[in-house]
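Reader: I would like a close look at one part of this model, the site where the ligands sit. Please take me through the residues there and where they come from in the chain.

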Amino acid sequence: YYPWGYDGDNGPDQWHKNYPTAKGRHQSPIEINNKEVHYDRSLLPWFASYDPGAAKTILNNGKTCRVVFDDSFDRSVLRGGPLQGVYRLRQLHFHWGSSDDHGSEHVVNGVRYAGELHLLHWNPKYSNYLDAVRRTDGIAVLAIFLQVGKTPKPEMKRILEEINAIKTKGKEAPFPNFDPSILFPKSHDYWTYHGSFTTPPCEECITWIVLREPIIVSSDQMAKLRSLSKNAENEPDLPLVDNWRPTQPRYFRMVSASFL
Ligand SMILES: Oc1ccc(S)c(O)c1
Ligand SMILES: [Zn+2]
């Protein structure tokens with residue numbers, strides 16, 4: 001395991017030295033531009049069937065804020081859309097900036113959002129998560145943009161209330177009884193393409209489902225996320241901000257849209 005980060009000598013431009021896949025042809029995130037998107041009328045709607053009882057803990061791993069779910073059976077699943085079969089919800093996490101004008105990983109027609117929520121699911125046709133990350137159809141990530149606005153989504157409150165309990169790297173707190181589908185925007189319109197984890201080892205195993213409609217958060221809620229620290233409790237304070245990877249070359253990939 002090699003230390004990696006988002007700035008200076010262990011930043012995204014250096015990841016390929018220890019994680020060669022980071023220079024692959026199917027990397028994420030990417031720019032999504034209307035001119036290059038292909039409307040695919042055969043794309044089905046996607047469905048999430050999540051059990052609130054599957055939610056377990058919320059943690060700060062020094063890189064993001066993550067909520068972990070019980071994925072020991074098909075308890076909380078995503079299906080439909082571009083997917084074959086069901087994919088098990090394993091965790092959700094966020095990427096955000098140091099100010100409201102940037103922080104998302106995917107960029108839509110040049111627009112950067114303040115942040116991006118990733119709900120990560122794995123394909124149970126493989127024996128476990130680690131096997132799934134080695135397969136091109138192993139993982140499905142539902143990505144939802146966070147846009148700063150005046151009428152924030154009240155459902156975000158539950159996650160942000162827990163931030164105080166996980167201020168520093170390594171801290172974890174119980175996070176029971178949470179159905180992340182309450183965070184979804186009204187519209188299920190999406191873009192989909194094949195890509196990778198946006199963090200090392202950047203395995204190219206992800207079917208991305210990027211929602212067109214952002215959810216609205218307040219500037220104070222973004223400030224709350226930025227109050228997390230990437231250091232451990234007894235170390236000098238380093239704000240956990242700008243944990244987003246710049247967009248990568250699309251090469252010969254098609255980005256399909258579920259909407260006209
Ligand atoms: O653990 C992680 C899985 C997927 C993604 S996109 C991350 O940023 C972290
Ligand atoms: Zn992510």
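Author: What follows goes through the ligand site and then a few backbone details elsewhere.

The model is predicted, and the distances below are computed from its atoms.

Start with ligand 1. The residues around ligand 1 are R66, Q91, H93, H95, H118, L120, F197, T198 and T199. By class, this shell divides into six polar residues, two nonpolar ones and one charged one. The space that ligand 1 takes up is the largest pocket. Two elements give two or more residues each to the shell, namely β7 (87-96) and β9 (115-122). Of these, β7 supplies the largest share, with three residues.

Three side chains have polar atoms facing oxygen atoms of ligand 1 at short range, using a cut-off of 3.5 Å for a polar contact. For Q91, an N or O atom of the side chain is 3.3 Å from an oxygen atom of ligand 1. For H93, the distance from a polar side-chain atom to a ligand 1 oxygen is also given as 3.3 Å. For H95, an N or O atom of the side chain lies 3.2 Å from an oxygen atom of ligand 1. Taken alone, ligand 1 has 270 Å² of accessible area, and the protein covers 89% of it.

Next, the metal. Ligand 2 is a zinc ion, and its protein donors are H93 through NE2, H95 through NE2 and H118 through ND1, at 2.0 to 2.1 Å. H93, H95 and H118 are also listed among the residues around ligand 1. Along the sequence, the zinc donors follow the spacing H-x1-H-x22-H. The pair H95 and H118 links distant parts of the chain: H95 is in strand β7 and H118 is in strand β9, 23 residues apart.

Some backbone details complete the picture. The peptide bond joining P200 and P201 is cis, with omega at about 5°. P201 is placed in the loop between β12 (190-195) and β13 (206-211). A cis peptide bond also joins S28 and P29, with omega at about 0°. Here P29 belongs to the loop between α1 (15-18) and β1 (31-32). Finally, N109 has a positive phi, near 50°, although N109 is not a glycine. This residue is found in the loop between β8 (107-108) and β9, and β9 is the strand that holds the zinc donor H118.

Technical notes: Residues are numbered from 1 along each chain as its sequence is written. Chains are lettered from A and ligands numbered from 1 in the order in which they are written. This is a predicted model: local features need pLDDT of at least 70, side-chain atom pairs count only at pLDDT 80 or more; totals for chains, interfaces and linings use all residues. Side-chain values use heavy atoms; hydrogens and water are left out. A residue is near a molecule or strand if one of its heavy atoms lies within 4 Å of it. A polar contact is a pair of N or O atoms within 3.5 Å; within protein, one must be able to donate a hydrogen and the other to accept it, and residues adjacent in sequence count only if both atoms are side-chain atoms. Accessible areas come from the Shrake-Rupley method with a 1.4 Å probe; for residues, only the protein chains shown count as cover. On a 1 Å grid over the protein atoms alone, a cavity is a set of points where a 1.4 Å probe fits but cannot get out, and a pocket is an open set with protein on both sides within 12 Å along at least five of seven lines; lining residues have an atom within 4 Å of a point. A molecule sits in a cavity or pocket if more than half of its atoms lie within 2 Å of its grid points. Helices (H or I, at least four residues) and strands (E, at least two) are DSSP runs, numbered from the N terminus. Ala, Val, Leu, Ile, Met, Phe, Trp, Tyr, Cys and Pro count as nonpolar, Asp, Glu, Lys and Arg as charged, and the others, Gly among them, as polar. Donors are N, O and S atoms within 2.8 Å of the metal (3.2 Å for Na, K and Ca); water is not among the atoms, so sites may look incomplete.
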